[in-house]
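User: I would like to learn how to read a few features of a model like this one. Please give the general idea first and then the case here.

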Amino acid sequence: MDWKRNAALKNLRALRPLVQCLTNAVTVNDVANIILACGASPVMAVDIREMEDFVSLAQAVLVNIGTLDETSEHAAEAALACAARLARPVVLDPVGVGAGKYRTEMVKRWLDKWPVTVIRANASEIRALHENAVTTKGVDAADADAVNAETLPDRTRMAADVATKYHCVVAMSGAWDVITDGSQSLVCRRGVPMMSRITGTGCMLGGLTAAFVATRPAQPLQAAYDATEFLCLCGEEAARKTDAIHGGTASFRNFLLDAVSLA
Amino acid sequence: MDWKRNAALKNLRALRPLVQCLTNAVTVNDVANIILACGASPVMAVDIREMEDFVSLAQAVLVNIGTLDETSEHAAEAALACAARLARPVVLDPVGVGAGKYRTEMVKRWLDKWPVTVIRANASEIRALHENAVTTKGVDAADADAVNAETLPDRTRMAADVATKYHCVVAMSGAWDVITDGSQSLVCRRGVPMMSRITGTGCMLGGLTAAFVATRPAQPLQAAYDATEFLCLCGEEAARKTDAIHGGTASFRNFLLDAVSLA
Amino acid sequence: MDWKRNAALKNLRALRPLVQCLTNAVTVNDVANIILACGASPVMAVDIREMEDFVSLAQAVLVNIGTLDETSEHAAEAALACAARLARPVVLDPVGVGAGKYRTEMVKRWLDKWPVTVIRANASEIRALHENAVTTKGVDAADADAVNAETLPDRTRMAADVATKYHCVVAMSGAWDVITDGSQSLVCRRGVPMMSRITGTGCMLGGLTAAFVATRPAQPLQAAYDATEFLCLCGEEAARKTDAIHGGTASFRNFLLDAVSLA
């Protein structure tokens with residue numbers, strides 16, 4: 001892949017930033033592995049008593065609420081408060097926001113209280129942050145929220161509104177990805193459908209985004225775009241290899257991580 | 001595999017049911033991935049405050065007690081109570097029942113209190129529910145509990161007794177699988193030994209069973225049988241592919257998930 | 001691999017010991033799978049109310065603090081106390097000790113209070129136990145702590161000091177591995193760099209070590225060395241296979257588990 005010559009990835013591998021991840025139990029292994037594969041170093045500490053230590057050590061913080069409970073909620077709040085105080089960039093992955101009342105209110109409370117550098121989410125989740133929409137589709141994006149040629153202008157406006165409201169970058173994933181800081185919007189039309197047939201693609205993109213942002217905290221829009229495009233290209237590569245061996249979703253997952261590590 | 005033409009699988013893929021899973025930390029990723037691979041949509045919410053929301057959204061609920069603790073116990077009880085109220089089918093995977101006093105009493109308390117649609121378990125666990133037997137073998141079935149030609153009549157009677165006692169289907173996994181509602185008993189003699197050499201085969205079968213039951217809540221016996229046979233056939237396919245590349249248990253695991261997604 | 005004829009592995013597979021693992025959420029699936037692959041049987045119970053039952057059933061106990069929190073801390077303490085009372089061998093994997101104040105103090109408190117059979121850790125972690133050193137590198141070993149020809153004498157002395165202080169075996173992993181009981185020190189120079197490019201190699205080695213120690217509790221030095229050399233040889237095999245298919249880190253992980261199961 002062309003990414004072998006990409007300056008952002010080279011930079012990341014030279015700096016090997018530490019990323020403190022509060023993420024979910026379902027995909028925590030994938031997130032740690034993709035952060036290692038791209039050249040960064042993951043720490044997955046979860047204890048509220050350790051947040052200060054590890055957020056201080058880290059160059060970026062990932063908060064993914066996939067399997068939140070009271071304990072992880074408090075740890076996340078400690079991490080967000082500490083990141084704000086120490087000016088660490090934060091990537092927030094509000095998994096399932098809009099599907100559960102509790103997590104919806106929690107995420108909004110967080111966004112009102114603490115700065116976030118990038119919100120990485122699917123279109124249904126961004127809609128939930130935008131208009132208090134409620135989805136009936138669990139943690140995957142609803143079909144009605146798909147981003148394509150027809151819906152792009154509307155979806156981009158929606159993402160830009162959320163970015164403006166919360167003074168952050170919004171990286172909205174889907175068949176087409178929209179990355180926006182409210183004024184400038186970038187669209188990435190790469191990637192493959194198989195990325196949505198395994199669990200954790202979004203979570204892994206959150207981890208990658210945190211790693212890229214860690215090395216370019218002053219350019220979060222570009223860093224989030226780089227992470228998205230990089231994963232999409234790796235997904236395309238993985239799909240080619242999967243097809244070549246007539247593989248299924250587990251093969252695709254392995255080839256995806258392989259591609260990140262080999263880029 | 002013949003399953004490409006299977007009506008149950010086609011139906012599942014058309015309906016894409018949502019399955020709310022309370023499962024264990026060891027195999028949660030595998031369970032989410034197999035549910036996606038078969039065509040359903042997993043939600044792995046764990047917070048007691050979210051059980052009402054996600055059980056309401058879901059078409060089936062999976063409760064697997066592999067790594068229970070006080071927090072997940074209370075969440076599971078909320079899920080069971082909510083599923084009972086909303087008439088959602090429940091698949092219970094009583095991992096390690098009989099090996100630990102606490103989980104044994106807990107599962108019996110649950111079964112006395114809330115309806116369960118399918119109990120998916122190995123023969124040692126079913127024995128523990130049947131006769132207060134205590135195993136010394138941890139979470140794997142004891143050799144003495146193996147189901148084979150000789151022991152089939154006795155084991156079937158045991159499983160049927162448990163099904164009758166708790167008014168549910170019992171899907172007892174092993175070299176031979178017995179699926180029974182107390183009056184009718186089906187035996188599945190497919191599958192391969194390698195399925196017991198990776199962690200999570202039973203948990204994945206629990207997830208698959210919930211997905212199949214979600215689309216046929218009124219025929220839980222047939223749905224549980226379909227899920228079992230489907231995974232066994234996928235296991236046979238995976239074993240063939242593993243042998244072909246002289247692979248080990250990790251290859252088998254990947255080919256198993258591949259087979260489910262490709263069927 | 002020669003290990004097919006290794007007496008320690010043969011013995012392990014004949015005995016199929018049960019290993020009770022309190023380990024971290026990131027790599028718990030890998031740890032369970034490697035324990036199964038080597039021929040032992042994992043139990044991953046986490047509930048403090050179950051520690052007595054499962055430590056009693058088990059032939060060895062693994063405590064890995066990667067994602068400790070208050071709940072798992074108390075469960076670990078119950079497991080350590082119970083293992084001490086019942087004379088079960090304990091393998092402690094003090095992930096990230098030295099990087100977080102809380103876990104550093106906790107591990108020292110544990111080591112002062114309960115016997116541990118083997119401490120399995122990287123050189124930065126052993127340094128933290130040796131001289132109250134603080135690392136800034138998260139959970140991976142700092143480059144300054146690398147074990148090589150030049151630093152071997154000093155690092156061996158450091159590991160031996162810790163072994164002597166806590167009356168246990170120290171298995172210090174790195175490019176070169178040092179296994180020592182304070183008086184006798186063994187060095188293993190096998191393995192490949194890729195082992196540090198995936199998450200969980202150290203955790204898996206902790207699990208393997210517990211399985212080997214379970215079958216030879218009176219020879220923990222040799223058992224820890226066997227586990228280390230075995231995983232290193234499997235790593236070399238996995239690297240060869242990964243190279244042959246131009247694979248990346250996910251392929252390596254799968255080949256590593258394959259090699260363990262095929263040995």
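Analyst: Start with exposure: a residue counts as exposed when its relative accessible area is over 50%, and as buried when that area is under 20%. The model is predicted. At 64% relative accessibility, A87(A) is therefore exposed.

User: What is the phi of A87(A), and where does the residue lie?

Analyst: Most residues other than glycine have a negative phi. A87(A), though not a glycine, has a positive phi of about 60°. A87(A) sits in the loop between α4 (70–86) and β4 (90–93) of chain A.

User: Which loop of chain C holds H167(C), and is H167(C) buried or exposed?

Analyst: H167(C) belongs to the loop between α7 (152–165) and β6 (169–173) of chain C. Its relative accessible area is 71%, so H167(C) is exposed. The phi of H167(C) is positive, near 50°, and H167(C) is a residue other than glycine.

User: Let us turn to the chains. How should I read the relation of chain C to chain B?

Analyst: Two copies of a chain are related by a rotation about an axis and a shift along it. Here a turn of 120° with a shift of 0.0 Å along the axis lays chain C on chain B, at an RMSD of 0.0 Å. That relation is the one of a three-fold axis. Within chain C, A25(C) has the C-alpha nearest the axis, at 3.8 Å. The copies use different surfaces, since 4% of the contact residues of chain C recur in chain B.

User: How many residues are in contact between chain C and chain A, and how much area do the two chains bury?

Analyst: The contact involves 32 residues of chain C and 27 residues of chain A. Between them, the two chains bury about 2,400 Å², with 48% of it on carbon and sulfur atoms.

User: Which polar features and elements should I look at between chain C and chain A?

Analyst: There are three salt bridges between chain C and chain A. One of them joins the side chains of E50(A) and R103(C), at 2.5 Å from N to O. Polar contacts link 15 residue pairs across this interface, with both residues at pLDDT 80 or more. On the side of chain C that touches chain A, α4 (70–86), α5 (101–113) and α10 (249–262) of chain C each supply at least two residues. The largest share of that side, five residues, is from α10(C). By residue class, the side of chain C that touches chain A has eight nonpolar, 14 polar and 10 charged residues.

User: How many residues does the contact between chain C and chain B take from each chain?

Analyst: Chain C gives 27 residues and chain B gives 32 residues. The area that chain C and chain B bury between them is about 2,400 Å², 48% of it on carbon and sulfur atoms. The count of salt bridges between chain C and chain B is three. R49(C) and E73(B) form a salt bridge, with their closest N and O atoms 2.7 Å apart. Between chain C and chain B, 15 residue pairs are in polar contact, both residues at pLDDT 80 or more.

User: Which elements make up the side of chain C that touches chain B?

Analyst: Two or more residues come from each of α2 (28–38), β2 (41–43), α3 (51–57) and α10 of chain C. With six residues, α2(C) gives the most to this side. The side of chain C that touches chain B divides into 14 nonpolar, six polar and seven charged residues.

Definitions and conventions. Residues are numbered from 1 along each chain as its sequence is written. Chains are lettered from A and ligands numbered from 1 in the order in which they are written. This is a predicted model: local features need pLDDT of at least 70, side-chain atom pairs count only at pLDDT 80 or more; totals for chains, interfaces and linings use all residues. Side-chain values use heavy atoms; hydrogens and water are left out. Contact means heavy atoms within 4.5 Å. Buried area is the accessible area (1.4 Å probe) that two parts lose on being put together, summed over both. A salt bridge is a side-chain nitrogen of Lys or Arg within 4 Å of a carboxyl oxygen of Asp or Glu. A polar contact is a pair of N or O atoms within 3.5 Å; within protein, one must be able to donate a hydrogen and the other to accept it, and residues adjacent in sequence count only if both atoms are side-chain atoms. Helices (H or I, at least four residues) and strands (E, at least two) are DSSP runs, numbered from the N terminus. Ala, Val, Leu, Ile, Met, Phe, Trp, Tyr, Cys and Pro count as nonpolar, Asp, Glu, Lys and Arg as charged, and the others, Gly among them, as polar. Copies are superposed by least squares on the C-alpha atoms of residues with pLDDT of at least 70 in both. Buried means under 20% relative accessible area, exposed over 50%, partly exposed in between (1.4 Å probe, protein chains only).
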